[in-house]
Amino acid sequence: MAWNDAVKSRLMAYCRIDSLEEGDELLLQGLYDAAVSYLEQAGISEPAEETPRRAQYDLCVNYLVLDGYDRREVTITGTIVSENPAFRRMLTQLKLTEPVSESDT
């Protein structure tokens, strides 16, 4: 799905952003594009709308955008940082259930 107002609203809600300051929409859009690209390069294609697979895909995109939004600093200080295991399981599930095209069989 290309960047549009619905995607922007969904990400703002997920990231708990009430209003965007100057430049924040471009940042959010860049993070969204990077997340979609990451999944594509991981072998996960964008699923059709209104499917359970689409819901999982959108949650992974949301997670990646929020992670990028929250960790914009060069260094991370404070508590121990580790990857969310629920995200990793969902990403693995999407990879394992990726539909196979006729040419791949």
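1. Contacts between α1 and α2. In this predicted model, the residues V7, K8, R10, L11 and M12 of helix α1 meet E25, L28 and Y32 of helix α2. Helix α1 covers residues 5-14, and helix α2 covers residues 24-41.

2. Geometry of this pair. Two packed helices are described by the angle between their axes and the distance between the axes. For α1 and α2 the angle is about 95°, and the axes lie 11 Å apart. Angles from 65 to 115 degrees count as roughly perpendicular, and α1 and α2 are therefore roughly perpendicular to each other.

3. The tyrosine Y32. Is Y32, a residue of helix α2, buried or exposed? Y32 has a relative accessible area of 3%. The cut-off for a buried residue is under 20%, so Y32 counts as buried.

4. The surroundings of Y32. Which residues does Y32 contact, once its neighbours within four places in sequence are left aside? They are M1, A2, W3, V7, R10, L11, V61 and V65. Among them, V7, R10 and L11 also appear on the α1 side of the contacts between α1 and α2. A further relation concerns Y69, which is 37 residues from Y32 along the chain; the C-alpha atoms of Y32 and Y69 are separated by 10 Å.

5. The asparagine N62. Helix α3 spans residues 52-70 and includes N62. With a relative accessible area of 5%, N62 is buried. Not counting residues up to four places away in sequence, N62 touches R10, L11 and Y14. Of these, R10 and L11 are also in contact with Y32.

6. The chain as a whole. How many helices and strands does the chain contain? The secondary structure comes to 4 helices and 0 strands, and from the N terminus on the elements run α-α-α-α. The C-alpha atoms fill a box of roughly 45 × 35 × 20 Å, taken along the principal axes.

7. Burial and contacts in the chain. Of the 105 residues, 30% count as buried; Y32 and N62 are examples of buried residues. Among contacts between residues at least 6 apart in sequence, 65% join residues at least 24 apart.

8. Surface and charge. The accessible surface of the chain comes to about 7,200 Å², and 52% of this surface belongs to carbon and sulfur atoms. The chain has 10 positive and 19 negative charges, and the mean positions of these two groups are 7 Å apart.

Note on methods: Residues are numbered from 1 along each chain as its sequence is written. This is a predicted model: local features need pLDDT of at least 70, side-chain atom pairs count only at pLDDT 80 or more; totals for chains, interfaces and linings use all residues. Side-chain values use heavy atoms; hydrogens and water are left out. Helices (H or I, at least four residues) and strands (E, at least two) are DSSP runs, numbered from the N terminus. Buried means under 20% relative accessible area, exposed over 50%, partly exposed in between (1.4 Å probe, protein chains only). Contact means heavy atoms within 4.5 Å. Accessible areas come from the Shrake-Rupley method with a 1.4 Å probe; for residues, only the protein chains shown count as cover. Lys and Arg count as positive and Asp and Glu as negative; His and the chain ends are not counted. The place of a charge is taken as NZ of Lys, CZ of Arg, CG of Asp or CD of Glu. Axes are lines fitted to C-alpha atoms, for helices over the stretch in contact, and angles run from 0 to 180 degrees between N-to-C directions. Angles under 35 degrees count as roughly parallel, over 145 as roughly antiparallel, 65 to 115 as roughly perpendicular and the rest as oblique.
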